[in-house]
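This report describes a protein chain through its fold elements, its nonpolar core and its nonpolar surface.

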Amino acid sequence: MSVYLRLTLIVIISFGSALAVFSQSAEKSDPLVRVLQSKGILTEAEARAILTNASPEEQRDRLATLLRDKGVISATEYDSLRAPAVSSEMKTITAEYKTSSPPPPVAPEPQPAPAVIAAIAPVRLQGIDSPKREGLIPDIKLGTGARLKLYGIFKTSLIHDSSSPQGNDFPLPLLAADTGPNNSPEFHLRVRGLRLGANFEWLDPAPRMTITGKIEFDFEGDFPRVNNRNITSIRSSQPSLRLAWVRLDRRFSDKNSAFVLFGQDWSPFVSSTLPNTVENTNFGGVGYGAAYTRIPQAKFGFNHKFGGSRDFQFEPEIAIVLPAFGNLPADVANQLAFGERQGVDSQQPGVQGRAVFQWQLDKAASVAPAQIIFSFEHAQRTAIVTAANVPVAFRPAFPSGAEVSSDSNGYSAEFQLPTHFVTLVGKYYGGSDLRFFLAGQLLSNFNDTAGLTNTATATSIDGASAVVFGLDNGIPVVAPQRPVRAQGGFVQLGFPLSRIFDADPKGRNAGWTAYLYYGGDQVFARDARRFGLRGGRSDLFSGNIQYKWNQWVTFAYEEGYYRTRADSRTGLLPLFRGIPSYTTHNIRSEFAAIFTF
């Protein structure tokens with residue numbers, strides 16, 4: 001058949017379709033069918049099959065289908081002829097839907113109740129295996145193909161401290177400042193514990209690649225100081241970033257995989273274990289043994305599955321991190337601008353590493369795997385003194401200014417040992433200048449002026465450090481800055497009370513748990529004394545009981561005994577209630593309602 005004839009037929013069919021649309025009777029015969037029958041293209045039986053019991057749209061569809069089957073028109077031409085009809089039908093369906101009542105909502109299928117009450121899982125069980133491709137069940141699918149899962153937690157706490165000299169709604173080491181005439185007791189009702197986050201997954205074309213991400217923030221940030229919030233700033237805490245990273249995993253075989261992570265995540269050093277405490281602003285208290293931090297990093301890791309009856313796995317990791325020390329600029333404007341700078345002024349990145357050993361310690365149902373973790377860290381800081389700030393007597397020796405550096409080095413051993421009746425979690429850490437990891441009684445470094453004469457002090461370029469100049473056997477020098485050495489750790493026992501007492505997994509008593517905690521942190525006394533009169537050792541005894549009412553709501557109560565002791569029993573002592581004191585304590589009570597989603 002000639003191209004001209006094919007095009008003519010298409011025009012005729014389209015014209016006939018237009019006539020059919022405006023037909024007032026669904027039983028009226030399509031004249032185009034009769035024309036094609038008279039030309040011998042259609043038989044009488046075929047024409048009758050097209051016209052019988054059919055609306056104009058149906059007649060046109062039947063005709064187009066028959067012409068396609070005869071080879072008169074191509075598949076593409078057939079689709080182009082049917083498209084208007086589909087569109088018309090869709091418009092009709094849409095119109096009918098809009099004018100009718102919406103269908104009743106489908107009730108979600110009830111989640112099956114657990115056969116056994118789960119044992120207590122560690123707060124930070126390391127997910128060392130590669131995430132499963134398309135393992136994220138999304139709440140939202142973005143147009144870019146990203147799969148998005150939202151989550152959050154909101155906590156309201158009623159808190160009483162018998163002694164909180166610094167006025168915070170979370171505990172800090174004591175003896176850092178004097179109190180008033182009493183212990184500085186305080187009451188807080190805190191609602192800043194709002195945390196929101198999202199997990200992401202992007203589907204890479206390569207079937208062995210998995211791309212995941214996370215972003216999380218909370219409202220534990222600062223309070224505003226602007227005209228429309230000055231008076232009410234206490235109820236207007238501002239959001240701050242907690243986590244933000246993207247991770248690429250490549251599975252090489254069933255036993256071997258590797259990953260790379262870019263962004264801000266938990267530090268590989270000393271942050272692999274955390275206690276389960278109701279006070280989770282700083283997981284029991286900064287400077288009380290639960291050292292941890294989050295930090296910008298580029299992290300690389302490899303995982304190998306040995307398998308066996310205990311499913312043994314091993315994962316080493318190495319990370320390049322932002323060198324951070326927590327030495328705050330004296331000028332608030334500078335801190336708002338760049339946070340801190342002594343780490344980056346060293347011109348070298350920090351390095352951290354971690355090795356995780358994982359196996360199934362208890363094979364009972366609903367028990368998480370056990371882990372032993374070893375980690376290390378190294379970073380360097382530099383304090384800079386500009387020429388203008390060099391003491392006058394030392395300017396001839398330091399005409400361009402001066403620099404002095406010190407290192408931070410740390411190591412840790414951590415463990416998470418879940419069983420069906422008790423879960424044991426803990427860590428030990430040691431090192432030097434661990435302030436940024438919220439350890440070492442928050443002390444960083446000191447000027448070692450031993451043997452120096454005619455000393456003079458200058459302020460560093462950021463105002464965060466005092467740098468000492470002096471004479472060493474008559475030679476002008478800068479006093480070396482030494483890091484404060486420290487050690488500490490914690491141990492916590494978690495008891496799944498409902499499982500121990502064989503509660504009904506489907507009943508309201510299935511969510512009872514209890515925890516006992518002891519943690520301590522201390523600096524070497526001879527290093528602490530360089531800072532003057534203050535505490536050198538702090539420890540915490542605490543216990544809490546939690547009741548998970550359902551999957552969204554938990555009620556919890558915690559009692560803690562926080563104690564700080566000075567670095568020396570003799571000589572000058574720090575003040576407490578205006579009295580020189582070797583030790584003091586804070587009894588902290590907290591009741592919380594926790595909502596998760």
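The sections below cover the basis of the model, the overall chain, the core and a surface patch.

## Basis

The model is predicted, with local features requiring pLDDT of at least 70 and side-chain atom pairs pLDDT 80 or more, while totals for chains, interfaces and linings use all residues. Numbering runs from 1 along each chain as its sequence is written, and side-chain values use heavy atoms, without hydrogens and water.

## Overall chain

The protein chain contains eight helices and 24 strands (DSSP runs of H or I with at least four residues, and of E with at least two, numbered from the N terminus). Of its 597 residues, 45% are buried (under 20% relative accessible area, with exposed over 50% and partly exposed in between; 1.4 Å probe, protein chains only).

Among contacts (heavy atoms within 4.5 Å) with a separation of 6 or more, 68% join residues 24 or more positions apart.

## Nonpolar core

The largest nonpolar core (buried Ala, Val, Leu, Ile, Met, Phe, Trp, Tyr and Cys joined through side-chain atoms within 4.5 Å) has 16 residues, of which Trp266 and Phe283 touch the most other members. Strands β5 (240–251) and β6 (256–266) each contribute at least two residues to this core; the largest share, three residues, is from β6.

Beyond its neighbours within four places in sequence, Trp266 contacts residues including Arg124, Leu243, Phe283 and Tyr292.

## Strand β19

Trp512 belongs to strand β19 (residues 512–523). Trp512 counts as partly exposed because its relative accessibility is 33%.
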